[in-house]
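Notebook open, coffee ready. I want to look up a few things in this structure and jot down what I find.

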Amino acid sequence: MNCAAIKQKLSAVGAEAISETEYDRKGFALDVQVAPEQLVAAVSVLDAEGFFIEAVTGVDWLGEQAALRKEAEAKVAAEAKAKADAATAAGEEPPPAEPVAEQGELPEDALEAVYDFNHYESLCRVTIRTRMPRSKPEVPTISQIYPGANWHERETHDFFGIKFVGHPYLVPLLLPEDADFHPLLKDFRP
Amino acid sequence: MYVDPEIIRLLAFLVGVIAFAALNAAYLVWLERKEAAHIQRRIGPKEVGPFGLFQPLVDGIKLMTKQLIVPAGVDPVLFKIAPILVMVPAIMSFVTIPFGETLVARNLDIGLLAIFAFASVNVLGLLLGAWGSRNKYAVISAARVVSQNVAYEIPMLVTVVTLVMITGTMNLHTIVLQQQGGFWHWNIFNLSASPLMPVAFLIFFVCMLAETNRAPFDMAEAESELVAGAFTEYSGMGFGVFFMGEYANIVIGASMATILFLGGWDCPLGLFPGVLWFLIKMYFLIFTVIWIRWTFPRTTFYGLLNLSWKILIPISFFNLILTSAMLKVF
Amino acid sequence: MIDYLREIISGTWSLFVGLGITIRYFFQPVVTVQYPYQTLPMTPRFRGHIELVKDEETGETKCIVCGMCQKACPSNCITVNGEKREGVKGKVLTEYTLDFTKCSLCGLCVESCTPKAITFSKDYNLAGVKKEAYIFDLKKRLEAKN
Amino acid sequence: MYILVLSNNLQTYLVIGALLFGIGIYGMVQRQTFIGMLISAELILSGASLNFMAFNRFLAPDPTVGQVFTLFIMAIAAAEAAIALSIIIAVYRNYKSIDTEDVVDLQG
Amino acid sequence: MSAFAESEANETFVLNLGPQHPATHGVLRVKLTMDGEYIVEAEPVLGYIHRMHEKMGENRTWAQFLPNTGRMDYLHALAFNHGYVSVVERAAGIEVPERAEYLRVITSELNRVSSHLLWFGAFILDLGGFSPLLYAFDDREHILDLLESVTGSRLTYCYFRFGGVYNDIDDNFVAGARAFIKRLRDRMPMYHNLVTKNIILMKRLQEVGPISAEMCRKYGATGPVCRGSGINFDVRKHEPYSIYPEMDFEVPVYEQGDSMARYMVRMDEIEQSLRIVEQALDKLPEGPVMAEKVPKIIKPPKGDYYHAVETARGSFGVRVVSDGSNTPYRLKLRSPTFSNLSLYGEACRGMLLPDALALMGSLDLVIPEIDR
Amino acid sequence: MGTQNLQPAIVQFAQLDKLLALGRANSLWPMTFGLACCAIEMMATGASRFDLARFGAEVFRPSPRQCDVMIVAGTISKKMAAAVETLYDQMPEPKWVIAMGNCAISGGPFVFDGQYGIVEGADKLFPVDVFIPGCPPRPEALIEGILELEEKVTGSRRWPRVEVG
Amino acid sequence: MVSLLTVEGLSGLLFFGFIGITLAGAIIATSARSLIRSVAGLALCFLGVAGLYYYLNSPFVALMQILIYVGAVCVTIIFAVMLAESSELKQITSRNGLVGPLAFLASGILVFALAGLALKTEWRPALCMVNRGTVENLGQSLLTTYSMSFELISVVLLVAVVGSLVLARAGRDK
């Protein structure tokens with residue numbers, strides 16, 4: 001079993017993006033991005049190959065879009081400035097500053113669910129990510145494939161409020177039974 | 001006013017027996033703590049009095065002045081009666097035990113039976129206390145105690161019956177007298193009656209451990225499983241009395257083993273018999289009981305029943321048949 | 001039948017072996033260090049709560065009130081304050097409070113201290129009836145030592 | 001003192017036996033659960049045994065007879081208790097009740 | 001009566017084990033649905049010692065999170081230190097001097113031995129034996145003395161730093177460690193005679209609480225739990241880190257999958273750890289214990305990083321997400337016992353209470369590490 | 001005669017109280033109750049090297065009904081707080097509480113702005129008699145804590161103080 | 001006149017105690033609300049009866065009474081109560097207001113009749129004693145005169161053991 005084969009099989013089930021990463025640099029071999037709908041299919045592939053589940057977690061990308069836009073704007077501005085500088089250097093009249101393009105509303109920030117799988121026999125840690133909008137964080141459960149994912153998903157639900165559709169028992173695991181807050185969201189205030 | 005001397009004698013014995021039971025319980029706790037400590041290469045109680053000898057005393061004072069909680073939901077009558085039901089029969093059993101040639105409160109012809117009869121009340125006390133405290137751990141523990149006692153009463157009684165066949169009497173005093181004159185007369189070495197006598201002694205000892213709920217058979221108070229078992233809801237002196245009853249039962253068990261198998265107050269080499277020898281043998285057995293407690297892990301419940309039904313009962317029956325055959329032949 | 005008997009005998013033997021081991025330990029000397037009377041030697045690297053170091057030359061603290069320890073501390077248990085005084089280079093320490101009840105003894109503060117003005121004390125047996133007793137005013141402690 | 005020698009008097013025991021018997025009968029009728037009835041039955045047996053023992057002590061020419069009888073009663077009582085209780089448990093398993101009124105379903 | 005009346009219909013009742021119970025090694029709670037003494041269903045309830053480590057990771061600088069790692073698994077704190085510093089070193093690209101890696105391995109393996117010894121004692125205590133606990137503690141104190149002489153603390157070490165370790169060792173430590181290895185090797189036969197060969201213990205552990213290899217995979221069990229089920233998986237061999245590739249040691253694997261197998265794996269691992277320490281002490285190179293070019297404020301480049309280490313209880317992985325600032329953006333701690341315990345509910349179905357507790361003990365639980 | 005007879009009686013009551021205090025102080029049975037890291041040091045204190053048994057305090061009872069002192073060894077999370085309080089309520093009077101370690105004293109290193117999970121100190125739940133700071137405290141400190149509690153109960157200290165240089 | 005402070009006096013008092021225990025136990029056994037207390041009452045009653053047996057010159061039967069009734073029968077009943085406790089509360093609701101008084105009346109009449117008979121009849125003691133009724137005699141007669149019944153009782157016990165095992169098992173299987 002090698003990582004390349006897994007990569008092929010995963011792309012066959014429709015993963016959005018797969019990149020082989022440098023293990024020494026990152027600590028995992030395959031970085032797979034799937035849509036929530038393809039998640040179960042992708043995990044089934046790994047299950048058939050004899051992977052074991054290491055962890056499920058989430059990442060809250062609040063502010064990511066704003067940052068991206070800011071970066072893009074900065075880039076545009078830098079380019080403009082570079083152009084202007086070049087123009088000035090060339091002794092030309094700097095072109096009038098272009099009006100900043102009116103941009104629409106920011107796209108919604110995402111919550112990301114991250115699944116780590118590993119193999120007992122060979123070294124191939126596969127990371128599967130799936131993104132969902134923050135306002136409707138829903139992703140199908142994989143606890144019917146890996147019963148061990150049950151707790152991991154409950155924990156992720158505790159921390160991020162990600163709803164694992166079809167999960168048999170989605171009640172708080174680490175937080176008190178009646179907890180209705182999700183502490184690892186970036187906008188969480190106790 | 002005229003008072004019958006017989007009454008004074010009775011009272012004296014009663015006081016003596018109760019004091020003996022209480023002191024024994026207290027100092028067995030001390031012995032247990034010290035012995036456990038030294039097995040584990042610690043010192044054990046040391047700061048209270050010389051060698052920590054006042055430790056049981058302060059424990060007693062503390063337990064007596066501790067608040068007695070009768071938790072909500074328990075059956076108050078049964079809850080309070082249970083410790084007494086454990087303690088009183090134990091004290092009554094002391095009455096028939098001959099500690100020395102003349103040191104016996106009541107020399108019953110059927111002393112052996114009396115001790116078994118009183119011992120059986122003990123279980124009832126535990127059961128009532130456990131059920132009365134309305135605690136799941138306690139109830140599980142009580143259920144265990146009963147099955148355990150039933151399972152171990154059989155090999156114990158069969159062994160004792162074997163012994164009674166050899167001695168021909170149930171009078172404890174007579175049984176000891178028959179074993180006088182050197183350790184080769186003791187029942188444990190009475191190989192001419194049955195070559196399995198040492199094994200019978202082992203069986204009796206194991207059954208005694210099980211009957212008194214001592215490790216490795218301490219199912220009733222299995223700390224790591226059932227918190228404190230039947231005593232979970234007991235506080236202060238209620239707990240203290242249970243504890244005293246338990247230790248009194250150990251003393252009774254050890255003295256029975258001494259009387260039935262080790263020649264009672266007889267000196268091993270036929271020198272001067274006396275109560276001292278009885279106490280030495282008895283305390284050695286108790287030392288062994290404690291020693292076992294701090295050496296072995298606990299058996300499981302079914303392991304314990306297996307031991308009884310698959311090993312002890314067949315062997316003790318075999319011994320019974322062997323003994324009767326030998327008695328008939330010789 | 002043979003297996004049955006063998007198991008009984010080997011099992012019983014294993015029990016006696018166990019008893020033999022424990023009784024041997026029973027007669028061996030104890031390993032207890034009787035604490036209030038005897039004490040274990042503390043290793044030089046033992047980490048107690050932190051303490052200010054006295055400058056051997058001046059007799060004062062070495063602290064230059066840079067605040068690095070305060071910044072390094074993960075649990076915000078150090079408060080350092082200083083003031084500018086005339087005729088003295090740098091700041092002078094006015095307050096050094098350690099809330100020991102929040103400390104995790106990680107040693108990041110000691111590492112971050114460039115002038116080596118703080119060090120670990122060897123107080124390993126603190127216990128008391130008041131919580132407030134463990135919010136140390138280290139400056140006072142240093143002065144009390146002098 | 002007369003009352004102190006009551007213990008040496010046949011009638012005392014007979015009356016106590018009768019009382020036990022009566023209380024047992026009362027309990028038998030009054031109790032609604034099987035276990036309660038079993039307890040009452042034990043009381044009745046005790047009353048009878050006491051009578052046997054009393055007659056044995058005061059009247060019988062062979063003072064082992066009554067004792068043997070009582071011992072047999074004990075054995076029977078123990079056997080009865082064991083059987084009765086296993087029946088009760090079996091009933092309880094099927095009906096979830098040990099109340100006599102609830103166990104009317106004979107087709108079971 | 002309520003306890004029994006409530007469950008009249010199916011003859012089961014609910015037994016609440018914990019959160020304060022002697023067998024749960026802390027504050028785990030297990031809701032047991034029992035039929036008599038048989039377990040129908042077991043549902044562990046976690047979170048009674050949830051200490052917000054992951055949240056704290058986002059609130060503190062990379063360095064300030066270090067003390068937390070020692071408090072997750074307080075029995076094998078150094079391995080947790082190791083996992084965290086390794087992932088940050090990987091992220092920030094910090095090279096670690098060789099001597100520092102040796103020291104990390106030596107101390108961490110000694111710590112593993114102390115963890116296994118404590119587990120051994122506590123496990124036997126669960127089974128009702130008391131003295132082995134104190135014998136194990138006696139040995140463990142020697143390790144703690146050694147480690148304290150290097151790290152300054154006894155339990156919750158915070159010894160590793162990004163780029164090295166905090167203190168160097170001296171000759172006393174080396175001599176002490178060698179003496180300890182000899183001492184423990186002399187003591188191991190005693191443990192085996194007193195405990196392993198004891199008929200009562202054998203009866204209690206053999207064929208009790210079987211866990212199949214497939215179950216391990218489905219639940220992601222690692223460490224001695226999976227090695228007791230015949231899976232040869234040890235992060236130290238599987239994805240070698242630090243100087244483990246240079247060490248010669250074996251991974252004990254037992255096929256039976258029962259509690260006895262897990263027990264034997266750990267007992268054998270003690271010996272293997274001693275071997276590693278011995279070799280590391282022999283090969284110990286000279287040199288600095290701290291990398292020279294470690295920035296004062298660490299800001300790893302953007303991205304995800306993962307690093308796993310083998311702790312006494314299994315594979316501990318840290319996933320960090322850095323946004324390039326001086327605090328982690330997200331810090332996921334994959335603790336081994338969390339996965340190991342998650343199979344408990346399925347594994348103990350139909351078992352007797354004492355066997356289920358033996359199984360729980362054989363999983364080697366450290367609750368703060370599960371709850372984090 | 002009244003006054004003359006009353007005087008010694010009062011003294012005797014005082015003596016009795018003293019005896020009771022002595023009894024209680026020297027037989028402090030702790031609860032088998034560990035929360036986190038400090039629990040291991042609590043076990044170590046009971047083990048051979050430090051041997052809490054010398055002061056008669058090694059009888060760790062698993063049931064709160066039989067305990068005199070609750071050693072809160074570790075962080076109390078909010079989820080656990082109710083259970084800890086119940087345990088405290090279940091203990092019979094007179095009872096004492098030792099807060100062992102920084103977490104039990106004030107939440108320790110786990111206190112930060114915006115923390116949602118822990119109780120900041122056992123004394124928020126019930127009165128605490130003795131505080132033992134440290135993370136975790138050494139076993140000697142726990143012994144010292146027990147001695148401190150004995151001092152609190154009896155009013156005097158029987159043991160020498162260990163001065164640390 | 002017998003002083004209370006002699007052995008005879010004390011034993012007389014003790015006798016009263018046993019009577020009291022017996023009757024009190026019996027009343028508790030029949031009238032207590034919770035089954036477990038009834039069993040406790042029953043045990044108390046048996047202890048009292050054992051005491052009475054002792055006064056009837058047969059300590060052997062007295063001890064057997066404790067051993068079998070208290071140690072075995074009562075414990076078994078408590079066990080059953082534990083398993084089937086839940087219907088205890090229903091006890092309070094009586095099925096018919098008349099049953100209680102009627103039962104009391106009927107048993108009262110019965111007791112009066114029996115007691116009257118016992119007191120009125122002139123009991124004639126046996127003229128001679130065959131033996132003294134010691135344990136030895138008891139054993140001998142058990143194995144000679146009553147050997148057949150002894151064997152039968154053993155068979156009954158065996159059947160009871162097997163029967164109860166079968167009954168208890170049958171429930172498990174379903």
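**Entry 1: chains that stay apart**

I started with chains D and F, and no contact joins them. Their closest C-alpha atoms lie 32 Å apart. Note to self: the model is predicted. Next I tried chain B with chain D, and again no contact joins the two. Here the closest C-alpha atoms are 13 Å apart.

**Entry 2: chains D and G**

Which chains share the most contacts? I went through the 12 pairs of chains in contact, and the answer is D and G. On the chain D side 78 residues take part, and they are in contact with 90 residues of chain G.

Then I looked up the area. The size of an interface is often given as the accessible area lost when the parts come together. Between chain D and chain G about 7,300 Å² is buried. Carbon and sulfur atoms give 75% of that area.

Which elements of chain D give two or more residues to the side that touches chain G? I found α1 (10-30), α2 (34-58) and α3 (65-95) of chain D. The largest share comes from α3(D), with 24 residues. Sorted by class, this side of chain D has 51 nonpolar, 19 polar and eight charged residues.

How many salt bridges are there between chain D and chain G? I got zero. For polar contacts between chain D and chain G, the count is one residue pair, with both residues at pLDDT 80 or more.

**Entry 3: chain A as a whole**

I counted five helices and seven strands in chain A. Read from the N terminus, the order is α-β-α-β-α-β-α-β-β-β-α-β. The radius of gyration of chain A is 22 Å, while the globule rule gives 16 Å for 190 residues. The value is well over the rule, so chain A is more spread out than a compact globule. I also looked at the C-alpha trace of chain A, which spans about 70 × 45 × 25 Å along its principal axes.

How much of chain A is buried? Of its 190 residues, 48% count as buried. I checked the contacts in chain A with a separation of 6 or more too: residues 24 or more positions apart account for 65% of them.

**Entry 4: A:His182**

I picked out A:His182, which lies in the segment after β7 (163-165) of chain A. Its relative accessibility is 25%, so A:His182 counts as partly exposed; the buried label needs under 20%.

What does the side chain of A:His182 reach? I found the backbone oxygen of A:His157 at 3.1 Å. The backbone oxygen of A:Asp158 is reached by the A:His182 side chain as well, at 3.0 Å. Leaving out residues up to four places away in sequence, A:His182 touches A:His157, A:Asp158, A:Phe159, A:Phe160, A:Gly161 and A:Phe188. I looked at A:Gly161 separately: it is 21 residues from A:His182 in sequence, and their C-alpha atoms are 5.8 Å apart in space.

**Entry 5: B:Phe20**

On to chain B, where B:Phe20 sits in helix α1 (residues 5-39). With 24% relative accessibility, B:Phe20 counts as partly exposed. Not counting neighbours within four places in sequence, B:Phe20 is in contact with B:Phe94, B:Phe99, B:Val251, B:Met282 and B:Tyr283. I also checked B:Phe20 against B:Ile91: 71 residues apart in sequence, but 9.2 Å from C-alpha to C-alpha.

**Entry 6: α2 of chain B and B:Lys66**

Is helix α2 (residues 55-65) of chain B mostly covered or mostly uncovered? I found it mostly covered, as eight of its 11 residues are buried. Among them are B:Val58, B:Ile61 and B:Leu63, and also B:Asp59 and B:Lys62.

B:Lys66 lies in the loop between α2 and α3 (76-96) of chain B. Buried or exposed? I got a relative accessible area of 6% for B:Lys66, so it is buried. Which chain F residues does B:Lys66 touch? My list is F:Cys67, F:Asp68, F:Pro92, F:Glu93 and F:Pro94. In its own chain, leaving aside residues up to four places away in sequence, B:Lys66 touches B:Gly236. The side chain of B:Lys66 reaches the backbone oxygen of F:Pro94 at 2.6 Å.

Notes
Residues numbered from 1 in each chain as written. Chains lettered and ligands numbered in written order. Heavy atoms only, no water. Contact = heavy atoms within 4.5 Å. Buried area = accessible area lost by both parts, 1.4 Å probe. Salt bridge = Lys/Arg side-chain N within 4 Å of Asp/Glu carboxyl O. Polar contact = N/O pair within 3.5 Å; in protein donor to acceptor, adjacent residues only side chain to side chain. Helix = DSSP H or I, 4+ residues; strand = E, 2+ residues; numbered from the N terminus. Nonpolar A, V, L, I, M, F, W, Y, C, P; charged D, E, K, R; others polar. Buried < 20%, exposed > 50% of the residue type's maximum accessible area, 1.4 Å probe, protein only. Rg over C-alpha atoms; globule rule 2.2 N^0.38 Å.
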